Amino acid sequence: MTTTSLAASARALTRVYGHGDTAVHALRGVDLDLPAGRFTAIMGPSGSGKSTLMHCLAGLDTPTSGTVSVAGRALQDMDDTALTVFRREHVGFVFQSFNLLPMLTAGQNVLLPLELAGRRVDAEARERYDLVVDVLGIRDRLGHRPSELSGGQQQRVAIARALVTRPDIVFADEPTGNLDSETSAEVLGFLRRSVRELGQTVVMVTHETDAAAYADDVVVITDGLAADVRPVAEPVR
Ligand SMILES: Nc1ncnc2c1ncn2[C@@H]1O[C@H](COP(=O)(O)OP(=O)(O)OP(=O)(O)O)[C@@H](O)[C@H]1O
């Protein structure tokens, strides 16, 4: 019997915003298992609960009820400090708006998560840094500040930053939302390579079918409920 290890799972997850008549039931009982070592797209119409689900899975939002576990650890058992430390050590993030620090060079931005986690940049960390820099093709841009880079280059730096700590899971929230279609294809290709070549787990929220086609699996959220995780029907290869 083979067992697939899970990068994250949710059980009976609900998230209600507000109270009484104006309460919004953003998640209404989500059960979800996200396999490790795969690229999964979370899709669904606007307002269906994609971002809320991702934020609950990433420990950035607190569910109203239900449980979340990431890398085998139950998030509901952690206080805010423990969650912050957990995110730093186990989770990587890629945002639509890149979120690079403008005063740091690209190289310093990539190294930042190691410094925040208090890790020494020893030979092993340097090897990992070199690997992600080469996979993302940003070596000749490392001395530039974000304002001197194109949107696609900034997002590649952000992906390298998300990967440098070898996180158990990378969450990407509409990572191509600010990019043109050619640059989007390139960035999605890099996310896929990080799964194929570096063995990472990537979970991407997107409302674009074209972007989801780069993933291995897709899960559709409708009205706060998740369907089963399924292989992408017509993947881009
Ligand atoms: N902080 C909040 N306070 C109140 N309601 C919220 C809050 N955040 C989200 N919601 C509501 O919860 C529902 C789900 O929102 P969510 O942002 O998760 O959807 P989404 O699928 O990511 O949408 P989009 O694709 O438009 O970003 C929506 O009705 C939204 O208005």
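The UniProt annotation "domain: ABC transporter", from an unreviewed entry, covers residues 8-236; such annotations may be inferred rather than shown by experiment. The model is predicted: local features need pLDDT of at least 70, side-chain atom pairs count only at pLDDT 80 or more, and totals for chains, interfaces and linings use all residues. Residues are numbered from 1 along each chain as its sequence is written.

Over residues 8-236 the chain is 33% helix and 26% strand, with its end C-alpha atoms 25 Å apart. Helices (H or I, at least four residues) and strands (E, at least two) are DSSP runs, numbered from the N terminus.

A shell of 13 residues surrounds the ligand, and Y17, A26, S46, S51 and T52 come nearest. A residue is near the ligand if its C-beta atom, placed from the backbone, lies within 6 Å of it. Two elements, β2 (24-35) and α1 (50-57), give two or more residues to this shell. The most come from α1, with three residues.

Helix α4 (residues 123-135) has 13 residues and should span 18 Å at 1.5 Å a residue (1.5 Å times one less than the number of residues). Its end C-alpha atoms are 18 Å apart, which agrees. After α4 comes G137, whose phi is positive, near 65°.

Most residues other than glycine have a negative phi. Two non-glycine residues with a positive phi are listed below.

| Residue | Phi | Loop between |
|---|---|---|
| F98 | about 70° | β6 (91-95) and α3 (106-116) |
| D223 | about 55° | β9 (217-222) and β10 (225-226) |

F98 counts as buried (20 or more other C-beta atoms within 10 Å of its own) because it has 21 such neighbours. D223 has 13 C-beta neighbours inside 10 Å, so D223 counts as partly exposed, the class between buried and exposed (12 or fewer).
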